[in-house]
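Work through these short exercises with the structure in view. Try each task before reading its solution.

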Amino acid sequence: MASVPNGRFKRFEHRFERILWRLRLIAILPVVMSLVSTVVAFVLGTLEIGKALVSLGDVAHTKKTFVAELLGAIVTGIDLYLIGIALLIFGYGVYELLISPIEPARERDQGGGGLLDIRDLDQLKEKLVKVLVVALIVSAFKAMLTLPILDGPSLAFFCLSVLLLSLSGYLVTGSGGKRLF
């Protein structure tokens, strides 16, 4: 049995590694879809807030829950913006990690080192978790706007919800300068 010459194996290895390296470019698909989804989320959030503001023009509001519904629509718009931001961070992070650093973001006058400056997978995860937790807090706030408080147990549930939202905000931001994530 003849052995493969070392030079031929090295050439094969080099070609294979070049193909493998180029295959990372398939990650452009989730990047593009994430950025398109960001635009869609921003448009939907703007439409939701616009719809809420247009409903202000209707002066014949007889429902007692009008203010809660109006705030709920505005909070829904904010929630959609936060989801769009999470999608934007994801798209930029995948691009930076797998394809290429985004040079204009690193320019001195662009404020590099901010939210979209992602250098490793842990930074991407940390930034996504923070934005998603804030989006969940906003969603819970929206649900609490219409929560009926009729008796002691429903008041206790409301208070527990406020406590849990406060705790989650505290954990995301950290305490005393200590980073928890």
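**Exercise 1.** Find which residues form the largest nonpolar core, and which elements supply them.

Solution. This is a predicted model. Start with the members: A86, I89, I118, L124, L128 and V131 make up the largest nonpolar core, six residues in number. Next, look at the elements. Helices α3 (66-99) and α5 (121-145) each give two or more residues to this core. Finally, rank the shares: α5 brings the largest, with three residues.

**Exercise 2.** List the residues in contact with I118, leaving aside its neighbours within four places in sequence.

Solution. Begin with the core. I89 and L124 are core members, and I118 touches both. Then add the rest: I118 is also in contact with G93, E96, L97, R106, Q123 and K127.

**Exercise 3.** Is V43 buried, partly exposed or exposed?

Solution. First, place the residue: V43 lies in helix α2, residues 28-55. Then take its relative accessible area, which is 44%. Buried needs under 20%, and exposed needs over 50%. V43 is therefore partly exposed. Now look around it. V43 belongs to a nonpolar surface patch that includes I28, L29, V32 and L47. Together the patch residues have about 870 Å² of accessible area.

**Exercise 4.** Describe the protein chain as a whole: what elements does it have, and what share of its residues is buried?

Solution. Count the elements: six helices and zero strands. Then take burial: 24% of the 181 residues count as buried. Last, the surface: the chain exposes about 12,800 Å², and carbon and sulfur atoms supply 71% of that.

Notes
Residues numbered from 1 in each chain as written. Predicted model: local features only at pLDDT ≥ 70, side-chain atom pairs only at ≥ 80, totals over all residues. Heavy atoms only, no water. Helix = DSSP H or I, 4+ residues; strand = E, 2+ residues; numbered from the N terminus. Buried < 20%, exposed > 50% of the residue type's maximum accessible area, 1.4 Å probe, protein only. Areas by Shrake-Rupley, 256 points an atom, 1.4 Å probe, with all protein chains shown as cover. Patch = residues over 30% accessible without salt bridge, like charges linked within 9 Å, V, L, I, M, F, W, Y side chains within 5 Å. Salt bridge = Lys/Arg side-chain N within 4 Å of Asp/Glu carboxyl O. Core = buried A, V, L, I, M, F, W, Y, C linked by side-chain atoms within 4.5 Å. Contact = heavy atoms within 4.5 Å.
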